[in-house]
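Here are some exercises to work through with the model open beside you. Try each task before reading its solution.

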Amino acid sequence: MKIRTNEQGYVTDYALIGDISDSVEVSDFTDEELDAFTEHYQAYRLTDNTLIFDEEQDNEIRDKAAINNLRRQREHECFPIINRGELWYKKLTSEQTAELDTWYQAWLDVTETKEVPVQPEWIS
């Protein structure tokens with residue numbers, strides 16, 4: 001197998017068959033090891049011509065992916081409601097406005113809290 005690494009030594013891409021320019025040959029894995037590698041290859045670091053799994057790096061990659069998913073979810077579920085026009089906002093009661101503000105702030109904080117806020121029932 002051929003791999004290419006970044007400056008920190010983490011795998012950026014790989015080829016099971018064939019070649020990649022500026023790549024390094026590494027020893028083959030068992031089927032089980034290969035499955036783990038292909039699923040989490042960016043968390044493997046080349047050290048002394050041996051690939052070592054870095055759990056901390058894997059957790060960081062997963063955390064970044066989860067945060068990006070939350071951002072996409074916020075864009076889809078929150079922003080279309082928050083960006084409604086002035087006429088819609090004028091029809092809200094003060095209680096609805098306060099509830100909407102709390103819900104919106106919870107969405108803005110979602111990358112920190114990692115908790116998706118529950119949409120107020122009255123929003124349609």
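**Exercise 1. Work out how S1 and S2 pair, and place them in their sheet.**

Solution. This is a predicted model, so we are reading the strands from predicted coordinates.
- Begin with the pair itself: four bridges link S1 and S2, and the pairing is antiparallel.
- Next, find a matched position: lysine 2 sits opposite alanine 15 of S2.
- Now widen the view. The open sheet has three strands, ordered S2-S1-S3, with antiparallel pairing. Its edge strands are S2 (11–15) and S3 (24–25), each of which pairs on one side only.

**Exercise 2. Decide whether isoleucine 3 is buried or exposed, and list what it touches.**

Solution.
- Locate the residue: isoleucine 3 belongs to strand S1, which spans residues 2–5.
- Apply the cut-off: a residue is buried when its relative accessible area is under 20%. Isoleucine 3 has 0% relative accessibility, so it counts as buried.
- Look for its surroundings. Setting aside residues up to four places away in sequence, isoleucine 3 touches Val11, Asp13, Tyr14, Ser23, Val24, Val26, Phe37, Leu46 and Leu51.
- Check one of these by distance: tyrosine 14 is eleven residues from isoleucine 3 in sequence, while their C-alpha atoms are 4.2 Å apart.

**Exercise 3. Describe the hairpin made by S4 and S5.**

Solution.
- Identify the strands: S4 covers residues 44–47 and S5 covers residues 50–53; they run antiparallel and are joined by four bridges.
- Pick out a bridge: threonine 47 has threonine 50 in S5 as its partner.
- Finish with the turn. Two residues lie between the strands, and aspartate 48 in that turn has a positive phi of about 50 degrees.

**Exercise 4. Take an acidic residue, aspartate 58, and explain why it counts as buried.**

Solution.
- Place it: aspartate 58 is part of helix H2, residues 55–77.
- Compare with the cut-off: buried means under 20%, and aspartate 58 counts as buried because its relative accessibility is 7%.
- Name its contacts: beyond its neighbours within four places in sequence, aspartate 58 meets His40, Ala43 and Phe53.

**Exercise 5. Find out which residues isoleucine 123 touches.**

Solution.
- Locate it: isoleucine 123 lies in the segment after helix H6 (110–113).
- Judge its exposure: with a relative accessible area of 6%, isoleucine 123 is buried.
- List the partners, again not counting residues up to four places away in sequence: Ile81, Leu100 and Trp103.
- Add the spacing: isoleucine 81 and isoleucine 123 are 42 residues apart in sequence, with 8.2 Å between their C-alpha atoms.

**Exercise 6. Put together a description of the whole chain, from its elements to its charges.**

Solution.
- Count the elements: there are six helices and five strands, and from the N terminus their order is β-β-β-α-β-β-α-α-α-α-α.
- Test the overall form: the radius of gyration is 23 Å, whereas a compact globule of 124 residues would have one near 14 Å. Along the principal axes, the C-alpha atoms fill a box of roughly 65 × 25 × 25 Å.
- Consider burial and contacts: 25% of the 124 residues are buried. Of the contacts between residues at least 6 apart in sequence, 42% join residues at least 24 apart.
- Turn to the surface: about 8,800 Å² is accessible, and carbon and sulfur atoms account for 46% of that.
- End with charge: the chain carries 12 positive and 28 negative side chains, and the centres of these two sets are 10 Å apart.

How values were computed: Residues numbered from 1 in each chain as written. Predicted model: local features only at pLDDT ≥ 70, side-chain atom pairs only at ≥ 80, totals over all residues. Heavy atoms only, no water. Rg over C-alpha atoms; globule rule 2.2 N^0.38 Å. Buried < 20%, exposed > 50% of the residue type's maximum accessible area, 1.4 Å probe, protein only. Contact = heavy atoms within 4.5 Å. Areas by Shrake-Rupley, 256 points an atom, 1.4 Å probe, with all protein chains shown as cover. Lys, Arg positive; Asp, Glu negative; His and termini not counted. Charge placed at Lys NZ, Arg CZ, Asp CG, Glu CD. Pairing = 2+ DSSP bridges.
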